[in-house]
Protein chains: 2
Amino acid sequence: MPTRAQEPAYRRLEVDERRRQLLAAGQKLFTEHAYSELSMADIAREAGISKALLYHYFPSKRDFFEATLASAAAEVAQLTQPDPSLPPLEQIRAILDHYLAWIEAHAQAYTKLLQSATSHPEVSALIQQVRDTTAQRILDALIGPHPTATQRAATRAWLWYIDGALTDWLQHHDYTRTQLRELLIHTLQASATAG
Amino acid sequence: MPTRAQEPAYRRLEVDERRRQLLAAGQKLFTEHAYSELSMADIAREAGISKALLYHYFPSKRDFFEATLASAAAEVAQLTQPDPSLPPLEQIRAILDHYLAWIEAHAQAYTKLLQSATSHPEVSALIQQVRDTTAQRILDALIGPHPTATQRAATRAWLWYIDGALTDWLQHHDYTRTQLRELLIHTLQASATAG
């Protein structure tokens, strides 16, 4: 039987775990249905909990949607942590490997995300934020703390390039993930060393 | 005094000219104000015509907005016509020169356009359509009628790269238009010849 001191930690774990499950359900639901089609009642039903409990965790559908996005972004950020023991270009190759594998596993969600950016400003803001963080990591790894203006521009622009290449890849699927990765690496190298 | 045969052509010219003026006014208005802030009454007042006459040309604000976008896109398409007498890379350099000059002259409109893409699906569709047309022109000029899958991907992705680079340039303005153009050319060459 847990002591009083243990109880809150135990309950906290349950709360976190429930929240994690709801966010996983959210990733699935928002991938399969348009935002406007889903109600909090639908979400609660799909997640197998009461609507009241869902509202306890997330005060509105928008809050739930944003938390779902944030948790997916955190997942990606975790996967794309640079490994400082590798040489710079190998760090970037490893990051891309993890990132492209994640995209391939979540192709439908990723495509939907880029599409939703057209109707949800918070999605655009999230994409911009992921790009900024990633650009900074890449600049740090590849160039160091003092990039030139065009190196900064090249790195930022390359992150847009990735989304363009991914859009093409997911649409056609007529080249391998390794070919895609090498195209991205080659372009980054050429571009960031142009200035 | 015009003959009956001349009358329709004469009136038609007036109609086209009026439409052109309205679309020019639209480009200015939609640059300076959010779409949701503008009413057809505001637009008519700014254009110095009656609301009834405005509705005669454009049945709704959305129609007017879309026609404004389409006319800007046509302007850009006209400016970026390739000159087949030049070698391929010089064609692309010339296209970029005209395009970047247009963006610089319409910086506010362009920034607003990229932002509006987040709330207006028709804006995203237009951007996608301009990218597709341009990608095709560049593939034709640089590679010919049979690009590999990765060359196609590289060219499409590079158009996204341009928007990323432009976003950086318009924000910081700490490198010249020529530096930007050369960064774009260098990246395209490296990228499209990688596969």
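This is a short tour of a predicted model with two chains, A and B.

**Start with the whole of chain A**

Select chain A and colour it by secondary structure. You will find nine helices and zero strands, so the colouring should be simple to follow: the pattern along the sequence reads α-α-α-α-α-α-α-α-α. The C-alpha trace spans about 60 × 45 × 30 Å along its principal axes. Of the 195 residues in chain A, 27% count as buried. Among the contacts in chain A with a separation of 6 or more, 59% join residues 24 or more positions apart.

**Colour by confidence**

Now switch to pLDDT. Chain A averages 84, and 91% of the residues score at least 70. Helix H9 of chain A has the highest confidence, at 94, while helix H6 (residues 107-116) has the lowest, at a mean of 77. Then select residues 1-7 of chain A, where the pLDDT is below 50. Beyond near neighbours in sequence, that stretch has two contacts in the model. Where pLDDT is low, the predicted coordinates should not be read in detail. For the model as a whole, the scores are ipTM 0.78 and pTM 0.79.

**Bring in chain B**

Show both chains and superpose them. A rotation of 180° with 0.0 Å of shift along its axis places chain A on chain B, with an RMSD of 0.0 Å. The two copies are therefore related as by a two-fold rotation axis. The same surface serves both copies, since 100% of the contact residues of chain A recur in chain B.

Next, select the contact itself: 32 residues from chain A and 32 residues from chain B. On the side of chain A that touches chain B, the elements giving two or more residues are H7 (121-142), H8 (149-172) and H9 (177-192). Which helix gives the largest share of that side? It is H8(A), with 17 residues. Colour that side of chain A by residue type and you should count 16 nonpolar, 11 polar and five charged residues.

**Zoom in on H8(A)**

Stay with H8(A) and pick its two ends. Its 24 residues should span 34 Å at 1.5 Å a residue, and the end C-alpha atoms are 35 Å apart, which agrees. This helix is mostly covered, with 19 of its 24 residues buried. Step just past H8(A) to His173(A), which takes a positive phi of about 50°.

**Look into the cores**

Select Tyr161 and Ala165 in both chains. Tyr161(A), Ala165(A), Tyr161(B) and Ala165(B) have the most contacts inside the largest nonpolar core, which has 55 residues. Centre on Tyr161(B) and show what it touches: leaving aside residues up to four places away in sequence, the list is Ala157(A), Trp158(A), Trp160(A), Tyr161(A), Gly164(A) and Thr187(B). A second, separate core has 11 residues, including Leu29(A), Ile43(A), Leu54(A) and Leu69(A). In soluble globular proteins, nonpolar side chains tend to be buried together.

**Finish at Lys28(B)**

For the last stop, select Lys28(B), which sits in helix H1 (residues 6-32) of chain B. Lys28(B) counts as partly exposed because it has 15 C-beta neighbours inside 10 Å. Finally, draw a distance to Gln108(B): the C-alpha atoms of Lys28(B) and Gln108(B) are 9.8 Å apart, although the two residues are 80 residues apart along the chain.

Terms used:
Residues numbered from 1 in each chain as written. Chains lettered and ligands numbered in written order. Least-squares fit on C-alpha atoms with pLDDT ≥ 70 in both. Contact = placed C-beta atoms within 7 Å. Helix = DSSP H or I, 4+ residues; strand = E, 2+ residues; numbered from the N terminus. Nonpolar A, V, L, I, M, F, W, Y, C, P; charged D, E, K, R; others polar. Core = buried A, V, L, I, M, F, W, Y, C linked by C-beta atoms within 7 Å. Buried ≥ 20, exposed ≤ 12 C-beta atoms within 10 Å, placed from the backbone. pLDDT = per-residue confidence, 0-100. Expected span 1.5 Å × (residues − 1).
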